[in-house]
Amino acid sequence: MKFLTVVVSMVCLFSCSLSINKVTVTHFDPSRVIARVSLKKDRVTYSIGSAVLVDVVKKTDHHELLFMTAKHVVKEPNGAYPTVQFFDYTSYYGKELPVVKIIHHPDGLDLSILVVHSTREYYPILFSKSPLIPLIEVMAIGYPADVGLVTSLGLLSNPESRHDNGVVRYWICTAATYFGGSGGAVVERESGNLIGIVLMIGYDEGPRGEAIPLPNLNYFLPIKFVVQWIKTVRKSRQLV
């Protein structure tokens, strides 16, 4: 699938604000904060998904990178264990980084944190502090269909009526994604700041009862629901 021709839009995003005395430019490169997740065993790939670099813990001799993804991406079939890869615009994918630990959400949400060790310095994605408002422009960024890093543009729609564990409410946006996009990012178009993690897409029923995916019905979990969990993991001894 790597030889399919795809258009990866918005490779580097810029937001500029002008004033009389200065120009402020904010640069957002998704290839540095959004990674491809693979589960492999005996050279067989069981699962492909996406993950977002949400925190970095600096140690004496290495950095602990904390990626957030959807739990269903990293279930461990037959002992397979995940790796993450950042997108490389010259060689398609960069080096595979092995995941040293998986931490699942304690309340059963479809979320997991992947811990990766690296001697190279990385910086996590910035979180949005703005309220979620319908009709603002957003982007979904991830690795759908394993064709590389793909960005799609859409609108923030509305909170979905269902709740997870009676507490967390998903939101819907129209930025398209597909299989492999789970665990990817939904970000503000203007700033590139993270507003949520992609967890699933909607489905319709076909004439024979088959499930028809609806890529533009993108369900994501707002990041505000998991900020405290990230802080707890960072401060706890769950890291290695």
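**An aromatic cluster in a predicted model**

Phe67, Phe86 and Tyr122 form one aromatic cluster in this predicted model.

Biologist: Let's start with the whole structure: how many aromatic pairs does a search find?

Modeller: Rings of Phe, Tyr and Trp pair if their centres lie within 6.5 Å. Searching the whole structure on that basis gives a total of three.

Biologist: Is the pair of Phe67 and Phe86 stacked, edge-to-face or tilted?

Modeller: Their ring centres are 5.8 Å apart, and the planes meet at 45 degrees. Stacked needs an angle under 30 degrees and edge-to-face one over 60. An angle of 45 degrees fits neither, so this pair is tilted.

Biologist: Which strands does that pair link?

Modeller: The two residues are 19 apart in the chain, so let's place each one. Phe67 sits in residues 63–69, which is strand β5, while Phe86 sits in residues 81–88, which is strand β6.

Biologist: And how is the pair of Phe86 and Tyr122 arranged?

Modeller: Here the centres are 5.0 Å apart and the planes differ by 25 degrees. Because planes under 30 degrees apart count as stacked, this pair is stacked.

Biologist: Where does Tyr122 lie?

Modeller: Its partner Phe86 is in strand β6, and the pair ties together parts 36 residues apart in sequence. Tyr122 itself is in the loop between β9 (112–118) and β10 (137–142).

Biologist: Is Tyr122 buried or exposed?

Modeller: Buried means under 20% relative accessible area. Tyr122 has 8% relative accessibility, so Tyr122 is buried.

Conventions: Residues numbered from 1 in each chain as written. Predicted model: local features only at pLDDT ≥ 70, side-chain atom pairs only at ≥ 80, totals over all residues. Heavy atoms only, no water. Phe/Tyr/Trp six-rings, centres within 6.5 Å; stacked < 30°, edge-to-face > 60°. Helix = DSSP H or I, 4+ residues; strand = E, 2+ residues; numbered from the N terminus. Buried < 20%, exposed > 50% of the residue type's maximum accessible area, 1.4 Å probe, protein only.
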